[in-house]
Amino acid sequence: MQSHTGELEYRSVTVETLPVLIETYYQVWPQKTLYHDCLEKPFHPEDVTNVSWLIYHHGDLVGIVGVYSFDPDESGYDSGRSIWMDHFAILPKFRRQGFGRQVIHDVINYCQNLKKPKYFRLDTVYYAGRPALALYDQVMTLREDYTAEDTLDKCQHYLIYSYSLDGSPIQPWNNQRLDLGDSDHDLIIK
């Protein structure tokens, strides 16, 4: 993937660079679970809808991002029409410099070039004053509350953001189950 401005370099995570992704992930989210699916991506480089990148600016690692899709035959999902942003983070010392906005636009551009998914989506946790939400509100088109799962922390407010990749009207996610808190898919590596 290339940056739309050419300032950022996206390096696909490989089996060899997977430890860098893991270290960066836990640097940003020390208490969060790293899902098994994220760890599997480097072992399937041919799958362009399930990929992770290390993001560099002038040789410095500034963040991580990935995309994933559900298998079309998974019940409850939208038959492969959505591609989701995964583990998006800009390292603290590089925040508030415009990198986050650039990454989201670059990932959207990547997904548009795939010409298969209709919608780009992301799930996130809401809390007042969170800077990422202001960015998502500016870039993404639709914001929905997400309450479909009984395994989620009831003290947190979850959101789904959506963006049309082909200019067509967005079909809302409509609170379909995502298995965000399903421990069968979790793998903690520290």
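Which residues is S162 in contact with, leaving aside its neighbours within four places in sequence? The legends below take up this and other close-up views of a predicted model.

**Figure 1. Surroundings of S162 in strand β7.** Leaving aside neighbours within four places in sequence, S162 is in contact with F120, R121, M140, T141, L142, E144 and I170. S162 has a relative accessible area of 0%, and because buried means under 20% relative accessible area, this residue counts as buried. The strand that holds S162 spans residues 157-164 and is mostly covered, with six of its eight residues buried.

**Figure 2. Strand β7 and its two partners, β5 and β6.** Eight bridges connect β5 with β7, and the pairing is antiparallel. Within this pair, D123 is found opposite I160 of β7. Strand β6 (residues 142-146) also runs antiparallel to β7, to which it is joined by five bridges. Here Y146 has Y158 of β7 as its bridge partner.

**Figure 3. Y119 in strand β5.** Y119 belongs to a strand that covers residues 119-126. Its relative accessible area is 4%, so Y119 is buried. If neighbours within four places in sequence are left aside, Y119 is in contact with D78, R81, S82, I83, Y163, S164, L165, P169, I170 and Q171. One of these residues, I83, is 36 residues away from Y119 in sequence, yet the two C-alpha atoms are 6.3 Å apart in space.

**Figure 4. The open sheet of seven strands.** The strands follow the order β1-β2-β3-β4-β5-β7-β6, and their pairing is mixed. At the edges are β1 (8-12) and β6, each of which pairs on one side only. From one strand to the next, the twist averages 30°. Helix α3 packs on this sheet and touches β1, β2, β3 (60-68), β4 (82-90), β5 and β7. The direction of α3 makes about 155° with that of β4. Strands of a sheet pair through backbone hydrogen bonds, in either a parallel or an antiparallel manner.

**Figure 5. Strand β2 between β1 and β3.** On one side, β2 pairs with β1 in the antiparallel sense over five bridges. Two positions illustrate this pairing: L8 has H57 of β2 as its bridge partner, and E9 stands opposite Y56 of β2. On the other side, β2 and β3 are also antiparallel, and seven bridges link them. In that pair, H57 stands opposite D60 of β3. Strands β2 and β3 form a hairpin with two residues between them. In the turn, H58 has a positive phi of about 50°.

**Figure 6. Side chains on the two faces of β2.** In a regular strand, the side chains alternate between the two faces of the sheet. From β2, V51, W53, I55 and H57 point one way. S52, L54 and Y56 point the other way. Residues of both groups are buried, and the strand as a whole is described as mostly covered, with seven of its seven residues buried.

**Figure 7. S52 and its polar contact with H87.** S52 lies in strand β2, which comprises residues 51-57. With a relative accessibility of 2%, S52 counts as buried, because the cut-off for a buried residue is under 20%. The side chains of S52 and H87 are joined by a polar contact of 3.1 Å. Not counting residues up to four places away in sequence, S52 touches R11, S12, V13, L21, C38, K41, V65, G66 and H87.

**Figure 8. Crossing of helices α3 and α4.** Helix α3 comprises residues 99-114 and helix α4 residues 131-139. Their axes come within 10 Å and cross at roughly 40°. The two helices are therefore oblique to each other, and their crossing is right-handed. At the place where they meet, α3 contributes G100, R101, I104, H105 and I108, while α4 contributes L135, Y136, Q138 and V139. Of these two helices, α3 also appears in the view of the sheet, on which it packs.

Note on methods: Residues are numbered from 1 along each chain as its sequence is written. This is a predicted model: local features need pLDDT of at least 70, side-chain atom pairs count only at pLDDT 80 or more; totals for chains, interfaces and linings use all residues. Side-chain values use heavy atoms; hydrogens and water are left out. Helices (H or I, at least four residues) and strands (E, at least two) are DSSP runs, numbered from the N terminus. Buried means under 20% relative accessible area, exposed over 50%, partly exposed in between (1.4 Å probe, protein chains only). A polar contact is a pair of N or O atoms within 3.5 Å; within protein, one must be able to donate a hydrogen and the other to accept it, and residues adjacent in sequence count only if both atoms are side-chain atoms. Contact means heavy atoms within 4.5 Å. Two strands pair if DSSP finds at least two bridges between them. Axes are lines fitted to C-alpha atoms, for helices over the stretch in contact, and angles run from 0 to 180 degrees between N-to-C directions. Angles under 35 degrees count as roughly parallel, over 145 as roughly antiparallel, 65 to 115 as roughly perpendicular and the rest as oblique. A crossing is left-handed if the near helix is turned anticlockwise from the far one by less than a right angle, and right-handed if clockwise.
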